[in-house]
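Trainee: I'd like to get better at reading a model residue by residue. Could we walk through one together?

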Amino acid sequence: MKTVAAETLDTDRIHRIMAVLDEVMDPEIPVVSVTDLGIVRGLSGDPASVLVTPTYTGCPATLAIEASIRLALDSAGFGDIGIRTVLSPPWSTGWITDRGRERLRAYGIAPPPDDAAALRSGGGGPVACPRCGSFETVEVSRFGSTPCKALWRCTDCREPFDRFKCH
Ligand SMILES: [Zn+2]
């Protein structure tokens, strides 16, 4: 996590703000936080603000995420901290942290590959079933329960599961 310290943001304040953000969960996947997903890129000191990058352009969750961050900051006494949207470089699934990947898997969502080469090839390669770990999986539909996920099925345990789409 890259943070830019400035007079308005001493180390102690940065840690406390990041702790608040760690508790802001994604509205679609309530087990992962905005920091797990890499939606929060860090803090900027001038003016003091949280740098946020939307996951998918047009993803309806984007506005909800910003509203949740605003609410969390306000109720933790950080009403003076702004929220700045940063569109470049664009968010990619490679920004999901290891903790985020583990939480997705535990929730039954196959995390995207973190290997850059796999991302470039459209996330090709075997997809492990988040329930039984089998690689005998097939894509059922590009469209899962939300626009950001695809529907897959495991041919071993026969359970369907969501998979995070890759960019
Ligand atoms: Zn399975």
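Trainee: Let's start with arginine 70: which helix does it lie in?

Mentor: Keep in mind that this is a predicted model. Arginine 70 belongs to helix 2, which spans residues 61–75.

Trainee: And how do I read its exposure: is arginine 70 buried, partly exposed or exposed?

Mentor: Buried means under 20% relative accessible area and exposed means over 50%. Arginine 70 comes out at 25%, so we call it partly exposed.

Trainee: What does arginine 70 contact beyond its sequence neighbours?

Mentor: Skip anything within four places in sequence, and you're left with Phe78, Gly79, Ile81, Gly82 and Ile83. Take glycine 82: it sits 12 residues from arginine 70 along the chain, with 8.1 Å between the C-alpha atoms.

Trainee: Now the cores. How many residues does the largest nonpolar core have?

Mentor: It has 29, and Ile17, Leu21, Val50 and Ile69 make the most contacts inside it. Helix 1 (11–22), strand 1 (40–45), strand 2 (48–52) and helix 2 each put in at least two of its residues. There's another core apart from it, with seven residues, including Trp152 and Phe161.

Trainee: Can you zoom in on valine 50? What does it touch?

Mentor: Setting aside residues within four places in sequence, its contacts include Ile17 and Leu21, along with Leu73, Ile81 and Ile83.

Trainee: What about leucine 51: where does that one lie?

Mentor: In strand 2. With the buried cut-off at under 20%, leucine 51 counts as buried because its relative accessibility is 17%. Among the residues it touches more than four places away in sequence are Ile39, Val40, Arg84 and Val86. For a long-range pairing, look at isoleucine 83: it is 32 residues from leucine 51 in sequence, yet their C-alpha atoms are 6.1 Å apart.

Trainee: Last stop, the metal. Which residues coordinate the zinc ion?

Mentor: Read a metal site by its donors, then its geometry. Here the donors are the SG atoms of Cys129, Cys132, Cys154 and Cys157, at 2.3 Å. Along the chain they follow C-x2-C-x21-C-x2-C.

Trainee: And what is the geometry of the zinc site?

Mentor: Tetrahedral, with angles of 105 to 117 degrees among the four donor atoms.

Trainee: Are cysteine 129 and cysteine 132 buried or exposed?

Mentor: Cysteine 129 has a relative accessible area of 3%, so it is buried. Cysteine 132 is at 43%, so that one counts as partly exposed.

Terms used
Residues are numbered from 1 along each chain as its sequence is written. This is a predicted model: local features need pLDDT of at least 70, side-chain atom pairs count only at pLDDT 80 or more; totals for chains, interfaces and linings use all residues. Side-chain values use heavy atoms; hydrogens and water are left out. Donors are N, O and S atoms within 2.8 Å of the metal (3.2 Å for Na, K and Ca); water is not among the atoms, so sites may look incomplete. Four donors count as tetrahedral if all angles lie between 85 and 135 degrees; four count as square planar and six as octahedral if opposite donors are over 155 degrees apart and all others between 65 and 115; anything else is irregular. Buried means under 20% relative accessible area, exposed over 50%, partly exposed in between (1.4 Å probe, protein chains only). Helices (H or I, at least four residues) and strands (E, at least two) are DSSP runs, numbered from the N terminus. Contact means heavy atoms within 4.5 Å. A nonpolar core is a set of buried Ala, Val, Leu, Ile, Met, Phe, Trp, Tyr and Cys residues joined through side-chain atoms within 4.5 Å.
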